[in-house]
Amino acid sequence: MTYTHFSQPNPEISCPEVDVGPLTTLRESSSLTPLAIDQINPPDLDPPALSPLPCTIKVSDLILPFGKLQNIDSDDLRETAYEIFFTSCRSSPGFGGRNALAYYNAGVDGNPDSACGSPMKGNSTAPSVSGSRVKRALGLRMLRPLVVTRRTNSMDGGGNFSCFSPKISPRASDGNVNVNGLCSPGVTSFNTVPSSPMRGKRPLTTAEIMRQQLKITEQCDSRLRKTLMRTLVGQMGRRPETIIIPLELLRHLKPSEFSDHHEYHIWQRRQLQILECGLILHPFDPIDKNSDAAIRLSELIRSADQTPLDATVVNSDTMRSLCNSVLSLSWRSTNTSDSYPAAEICHWADGYPLNVHIYLTLLRSIFDLREQTALIDEADEILELIKKTWTTLGVNRPIHNLCFMWVLFERFVDGGGGGGVESELLGAALTMMNEVGGDAKKAAAAASTEEMDPMYARILEPLMGAIKSWSEKRLGDYHKYFHKGIISVMENLLPLVFAATRILEEDVSAMAAITRSETTATAGDLTDNRIDNYIRSSIRNAFAQIAESENLTSSTFQEQEVAEALLQLATEMEELAMREKEIYSPILKKWHPIAAGSAAVTLHACYGGMLKQYLERVASLTADTLRALQRAGKLEKLLVQMVVEDSVECEDGGKAIVREMLPYEVETVIMGLFRDWIQDRVKRGKECINKAKENEAWKPKSKHEPYSQSAVELMKTAKEAVEDFFELPIGISDDLVRNFADALDNLFRDYIAFVANCGSKQSYTPNLPPLTRCSRDSKFVKLWKKAAPCAVIVPNELSLCRAEDGQPIRSSTSRGTQRLYIRLNTVQYILSQIHSLDKSLSLSSRIIPSPRETTRRRSIGSSSSYFEAAELAIQAASQHISEVAAYRLIFLDSNSVLYDSLYMGDVATSRIDPALRILKQNLTLLCAIVAERAKQMAVRDAMRASYESFLMVLLAGGSARIFSRQDHEMIGEDFDRLRKLFGECGEGLITGDVLERESEAVEGVVGLMGHTTEQLVEDFSIVACEASGIGVVGNGDGQKLPMPPTTGKWNRADPNTILRVLCHRNDRAANQFLKRTFQLARRR
């Protein structure tokens, strides 16, 4: 039986030659050689162990931008691609020719070489592998040609044909070839060419290489070849794009040609789904949803999901309906061209994105199956043959360039995106991107004249977007993806993404007729901004990764641990900055004038943000915090220097970018933390003070520590603060010491004010009674005289009562007065501790002298103290507390024996002896309680208070006290004894000079009491007139003497003092003078 030959394609309607840019047409100049039937039937191969065909690239982060096809997987695309490829190339060498379909050919005459079309003779069926123009044009390395050879059939010992070839079914006795897959034992193998002992191995033809690259089985290839022979009987000149391959396969292949019914059903469903995808889901031209043909075809496809369509009878209703629907949908067209009128164009596989998926599958076949990132050396011939599918798939040169560029980029990504062969693929993709850029510009220019291919724009935009998205993800984290060994990849990826971005922003926008707003930014500015974004993004990502490795997250901020982590982070930031400067910046500087500067600014901001978070959680200055801050300052200096060096050539000298670096202000932060540290110590001291205000009872801590417990706690806190201050690992200047001392000084003064808040001496001084004149006939005097017999023994009885059973008289000092003594001791204790603290601050060897402070201390003297204000406050508080304690002791505790009873009624009967005994005991207790430093002050103030009480007895004792001129001797004796008491107290606490000075006022008043009434009146008139400024008043001039004011400062020259002596004088002259001059009331 002889098969009808395929005829050569008609040159008038064959696909025209199309230039593929740098991929120069490599069509063989030799004439086409007819092929024998063994070149149409599947060859027997000696296959190597091959990896799965990578028709669909599994890349996690590079997504095919054309979307997925419904119900179509990668296997379906491979088989469909091979069917279209083989059909389009059927007249080419290696696929069959005019003499190729003869069942028996000249080979039977004993010349096997001529029968098999051996490439060894004329080299017409095997691709040329001497050199690849594609690889040279794209800069790809050469790969050895496929060494897989074709093994011709040979007889086994039993007379059967050995196989990888299709086998004939036992039912093929009618002469029809039935391909059922691999041989089974005992089944005779079918072969189109008799075996010959002279036949051996020969190189693969291009068709065989393509079948192997697409992983097409021999059964599929055989079925396709038989279908084409049946279809083209009598139509040798039919163009391939007019052949609806799935339909022809469905018409001509029967279930009997498959191994089982299930295999046939799966195969039929694939063919129907391809038709559905190309005619209904993704047609070349939009279809009407209500199209009868589309509805019928969809119904047929759905019905075939469960049960195969009956294709056993060619003219059955099912097949007629299928054929009519497919032909109706495929031969309609709204788009025509001069080359192909509407009636001659069949659209079944040229709808987007089906055509792109199929074409990409074909382009991927030029990559080696073992080393998937390398092109096979037969790529030139295969690419040339793939061009023949353009008319079927609706592909042109711009679309081809676009898809080929994508496949190169896809394989670069699939190879890991690293150096070596992958970098060569990236360079090849960049070369093709230049071609795509030129095509895009032409398409954009044609958009205004409506001559642009709309499909090209639909493919261009998502593809450029996918490349841009993937590339920018890498470039935005180039520290992670591009280490020093593959930095060249980054150098090629940058212009690639710039080209893709330019196409998207300029050409695609023009194609879509998008009106762009005017902008002053130039292409260079946009590139600078994009590079700047990559730098900043990658630096931030690298920083985040390093920070995460150091466990520097907001949820794990513990001060000590984070401080150590920040120190390590700063070191790694310096290393990162150096890597940036040495590795990446030289490349990035081609597009960004201050690439290293931008990186340094970003690093500065990242570390500054982390430092800020840390400082927000830092309560006070610690050694760890200080080290972290000082390390941050060192890092900042390095980054600033990096910016300055990189921006030397800038017009503004880098001022603009330097302004972006918000300074860490380490010194300011340290000072702020130092102030916070001081405030923390002050807060602790204030807590002590507040606690004292609530709970302090002014009880001595112990007999040997007669001061308050709160003062001890306060000074302990202050001492610890001073010790901690000098342990801070910073340079301690005089200014810092001064700030620290001022804070402590304020704290001390606050406490001293609390201690001194004990009332005033005036609260214990009795009010002065009104002035009255004495009268011998007053009722009080009469009553006193009547009681005179009893009055003599009152003091003795009182004395006996106070000295009962021979026991010594107890002190009358109250608890309140004793607490005042503790207050006085407390401020003295604070004063002594302040001196110790001042010495520690002044003599520390860690203090760095400050010229300003040295000058200040020199101007005020070397003995100046850091706590001068507190010392002054202590002096004032001590004086105040001592006075209050003295007045309380005299006018409250000793009031019963002084102001209330001394000289009451009669001087002779109420002398000062009881008061002296009580005072002596009180002074003894005072000296026992009060600290040595304050003892002299306390005794002196007690003496002053007792003197004042003595004067008040004499001058403001009220109506119960009457004195005569003769009483002044006893009163003088009593005062001498009182003065002697204080002079002997505490072994000379009060010196003679002080005694004399403090006693002058009392002695002067006692002296006035010894004057005659006339002398007193005369002296009063003189000093009263002088004090009022009216001059001396004569007896007959009618002027009255003014009433002198009460000053409280009593002395013999004070008119009010003289007046009060007259008021207490018990004689008629004084009585008359006071009545006549001031109309004073008489005592009742």
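## Two helices side by side, and the chain around them

Helices α33 and α35 run roughly parallel to each other. Their packing angle is about 5°, and an angle under 35 degrees counts as roughly parallel, so that is the word to use for this pair. The model you are looking at is a predicted one, and these two helices make a good place to start exploring it. Helix α33 covers residues 932–955, helix α35 covers residues 992–1009, and their axes lie 11 Å apart. From α33, the residues that take part in the meeting are R940, M943, R944, Y947, F950, L951, L954 and L955. On the α35 side you will find V994, L995, E998, S999, A1001, V1002, V1005, V1006 and M1009. Sorted by class, this contact has 13 nonpolar residues, 1 polar residue and 3 charged ones.

Now step back to see the whole chain. How many helices and strands does the protein chain have? There are 38 helices and 4 strands. The protein chain has 1084 residues, and 53% of them count as buried. Its accessible surface comes to about 49,100 Å², with 51% of that belonging to carbon and sulfur atoms. The contacts also tell you how the chain folds back on itself: among those between residues at least 6 apart in sequence, 81% join residues at least 24 apart.

Next, look inside. The largest nonpolar core has 302 residues, and the members that touch the most other members are F409, M464, F748 and F950. Helix α17, residues 487–511, gives the most to this core, with 14 residues. You have already met F950, one of the α33 residues that meet α35. Another of the four, F748, is worth a visit too. Which residues does F748 touch, once those up to four places away in sequence are set aside? They are L714, M715, A718, I834, L837, F867 and A870.

Two more residues show how a buried side can be traced. I531 belongs to helix α18, residues 523–549, and its relative accessibility is 0%, so it counts as buried. Leaving out neighbours within four places in sequence, I531 is in contact with L494, F498, L588, W591 and H592. Two of these partners, L494 and F498, have numbers that fall in helix α17 (residues 487–511). I531 and E472 are 59 residues apart in sequence, yet 10.0 Å apart in space from C-alpha to C-alpha. I245 is found in helix α6, residues 245–252. Is I245 buried or exposed? With a relative accessibility of 5%, I245 counts as buried. Apart from residues up to four places away in sequence, it touches E83, I84, T87, L224 and W348. I245 and A349 sit 104 residues apart along the sequence, with 9.6 Å between their C-alpha atoms.

Moving outward, you come to residues with more open surroundings. K980 lies in helix α34, residues 968–984, and at 52% relative accessibility it counts as exposed. This residue also leads you back to the opening pair: K980 and L995 are 15 residues apart in sequence and 9.0 Å apart in space, C-alpha to C-alpha, and L995 is one of the α35 residues that meet α33. T1046 is in the loop between α36 (1013–1028) and α37 (1055–1063), where it counts as partly exposed at 42% relative accessibility. Setting aside neighbours within four places in sequence, T1046 is in contact with L768, N1056 and R1060. The C-alpha atoms of T1046 and T1057 are separated by 8.3 Å, with their positions 11 residues apart along the chain counted as their spacing.

Finally, a few places in the backbone deserve a look. Where is the cis peptide bond? Follow the chain from Y352 to P353, where omega is near 5°. P353 is in the loop between α9 (317–330) and α10 (354–364). Positive phi values turn up as well. K215 has a phi of about 60° although it is not a glycine, and this residue sits in the loop between α4 (206–213) and α5 (218–231). K215 is partly exposed, with a relative accessible area of 36%. Q1079, also not a glycine, has a positive phi near 50°. Its place is in the segment after α38 (1068–1078), and with a relative accessible area of 52%, Q1079 is exposed.

Notes
Residues are numbered from 1 along each chain as its sequence is written. This is a predicted model: local features need pLDDT of at least 70, side-chain atom pairs count only at pLDDT 80 or more; totals for chains, interfaces and linings use all residues. Side-chain values use heavy atoms; hydrogens and water are left out. Axes are lines fitted to C-alpha atoms, for helices over the stretch in contact, and angles run from 0 to 180 degrees between N-to-C directions. Helices (H or I, at least four residues) and strands (E, at least two) are DSSP runs, numbered from the N terminus. Angles under 35 degrees count as roughly parallel, over 145 as roughly antiparallel, 65 to 115 as roughly perpendicular and the rest as oblique. Contact means heavy atoms within 4.5 Å. Ala, Val, Leu, Ile, Met, Phe, Trp, Tyr, Cys and Pro count as nonpolar, Asp, Glu, Lys and Arg as charged, and the others, Gly among them, as polar. Buried means under 20% relative accessible area, exposed over 50%, partly exposed in between (1.4 Å probe, protein chains only). Accessible areas come from the Shrake-Rupley method with a 1.4 Å probe; for residues, only the protein chains shown count as cover. A nonpolar core is a set of buried Ala, Val, Leu, Ile, Met, Phe, Trp, Tyr and Cys residues joined through side-chain atoms within 4.5 Å.
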